[in-house]
Amino acid sequence: MVFNLFPRSPWLRGKQELAAQNPSEAGSPRIFLTGVTGFVGGAIAANLAGSASFKEMLFLVRAQSAAEGVRRVRASIARFTRSAAPPAVSERQIILADLKDPQAFSDARLNDVTHVIHSAAVTSFADRPDIWEVNVNATLRLAARFSGHTRLRRFVYVGTAMACGVARGPVVTESMRLPEERAHLVPYTASKAQAENQLRERFPELPLVSVRPSIIIGHSALGCKPSASIFWILKLVSQLNRFVCPPTAHLDIVPVDYCAQTIVALTLKETLGFSAYHIAAGLNGSAMVEELLQAFHSMDGTAAGQPYERVSEEALLPLARSYSSRYAAENRVAKEPGSGLLNIRMLHKALMLYGRFSKLNYIFDTQRLLSEGLAPAPSFLDYIGRCDRSTRKLSLKAQMAYDFK
Ligand SMILES: NC(=O)c1ccc[n+]([C@@H]2O[C@H](COP(=O)([O-])OP(=O)(O)OC[C@H]3O[C@@H](n4cnc5c(N)ncnc54)[C@H](OP(=O)(O)O)[C@@H]3O)[C@@H](O)[C@H]2O)c1
């Protein structure tokens, strides 16, 4: 079944499909990637690094010079490899720009692009004004730049499964119209929903595919080496052994390398049955909170501890305070300057927000993804040990820094 809610004009669709089916006419893919210095964008670039099309890729990067842009791209890719030498990147592959700049996409090199992967975003959970400028306005400017571009075979928008808002589930399917502002826990997911809705409504000519990852934690082989984002909060909950969700709540988690591999496959696959896909663990791969806690406790050797206790949101501030005091006492001799002090306000805020997400108890349906013949995600329980080992020498404060930039 071909699902096409907003069909392109027959002429444009014909041109784009001819290019997709006839590689000699279309040439090799020329991929334009935004967000390459981020967690997901870096993993996408690392996934493509061994491919023939890598040398033709263009990267949008914030930097003072093309040379600094090259350094940033290589350093980002290096996080996802074991090898000491990241792949060569040349200055002609760097588009120096800030997405907030209305001229960000004026570079003539973009005329040759065949595939766009738009991964850049402000991912903060705080109420920052640049969330709307970057996540919505810049995304729409990027779409305007490529709308009607006859060489373009696919425009991949990296959205988020959590853009579905609250009060869905327990198994969430890919709805095309996402709920806007009031139905969201944080402005970030509201902005992602608004951007995706507007892409569909305002750019029917665009060969748009939105990919919606669930919760991305770690790397299936490298653990948290590339980033400890979100992992620390699970570790913290395992140490508190208390949280606001029931122990049977599901968490739909995928590793970043699986996410990147799936985004690349959906970008380059010649035909797709749908225009929106969850990239998620789904029914078979999601773990319950009690299973995660059991895994943490057996790794820590605290398996015989107290049973997990479900608490109210009001209990989270005293918990953050007592954890912070205990942490300060335990880290008195730590060498890292300031490592003995955790910001209680930030800790409390993180517990509140992630607590609310955990209570949603969402599992994201992956039938569309599997119907494309793509592999299912590994379970988080399969690589939780690698995440844990890779963070043993990192203080909680250093891990929190991945999410409070
Ligand atoms: N991580 C997750 O759990 C998760 C889950 C679901 C969906 N997603 C989606 O995946 C995408 C990537 O997320 P991520 O985790 O990789 O985020 P991230 O690590 O915070 O990276 C954000 C990227 O966006 C770039 N960026 C932000 N503002 C910019 C601007 N004004 N101009 C140019 N570039 C800008 C950053 O560049 P700088 O390095 O210059 O700041 C960085 O490369 C996002 O669209 C997000 O919604 C992520």
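A cavity, as I use the word here, is a set of grid points where a 1.4 Å probe fits but cannot get out, and its lining residues have an atom within 4 Å of a point. I note at the outset that this is a predicted model.

**Entry 1: the cavities.** I looked up the enclosed spaces and found that the structure holds two cavities of 30 Å³ or more. The second largest cavity has a volume of about 40 Å³, and its lining is made up of M162, G165, V166, A183, H184, L185, T189, F357 and L360. Sorting that lining by class, I get six nonpolar residues, three polar ones and no charged residues.

I then turned to the largest cavity, for which the volume comes to about 50 Å³. Around the largest cavity I listed M162, I215, H250, L251, D252, F357, S358, N361, Y362 and F364, and I wrote down that β10 (250-251) and α12 (344-360) are the elements giving two or more residues to this lining. The lining of the largest cavity divides into six nonpolar, three polar and one charged. Reading the lists side by side, I see M162 and F357 in the lining of the largest cavity and again in that of the second largest.

**Entry 2: the ligand.** Which residues come nearest to the ligand? Of the 25 residues around the ligand, I found these to be T37, V40, R72, Y188 and K192. By class, I counted the shell around the ligand as 11 nonpolar, eight polar and six charged residues. When I asked which helices take part, I noted that α3 (39-48) and α6 (187-202) each supply at least two residues of this shell.

I next checked individual atom pairs, beginning with Y188, where an N or O atom of the side chain is 2.6 Å from an oxygen atom of the ligand. At G38 a polar backbone atom lies 3.0 Å from an oxygen atom of the ligand, and for F39 I likewise recorded 3.0 Å between a polar backbone atom and a ligand oxygen atom. As for cover, the ligand on its own has 900 Å² of accessible area, of which the protein covers 88%.

**Entry 3: the annotated stretch.** In the UniProt record, an unreviewed entry, I found the annotation "domain: Thioester reductase (TE)" covering residues 33-263. Over residues 33-263 I read the chain as 32% helix and 15% strand, with the end C-alpha atoms 12 Å apart.

Terms used: Residues are numbered from 1 along each chain as its sequence is written. This is a predicted model: local features need pLDDT of at least 70, side-chain atom pairs count only at pLDDT 80 or more; totals for chains, interfaces and linings use all residues. Side-chain values use heavy atoms; hydrogens and water are left out. A residue is near a molecule or strand if one of its heavy atoms lies within 4 Å of it. A polar contact is a pair of N or O atoms within 3.5 Å; within protein, one must be able to donate a hydrogen and the other to accept it, and residues adjacent in sequence count only if both atoms are side-chain atoms. Accessible areas come from the Shrake-Rupley method with a 1.4 Å probe; for residues, only the protein chains shown count as cover. Helices (H or I, at least four residues) and strands (E, at least two) are DSSP runs, numbered from the N terminus. Ala, Val, Leu, Ile, Met, Phe, Trp, Tyr, Cys and Pro count as nonpolar, Asp, Glu, Lys and Arg as charged, and the others, Gly among them, as polar. On a 1 Å grid over the protein atoms alone, a cavity is a set of points where a 1.4 Å probe fits but cannot get out, and a pocket is an open set with protein on both sides within 12 Å along at least five of seven lines; lining residues have an atom within 4 Å of a point. Grid points are joined across faces, edges and corners, and a volume is the space filled by probe spheres set on the points. UniProt positions are given in the numbering used here, feature names are shortened, and annotations may be inferred rather than shown by experiment.
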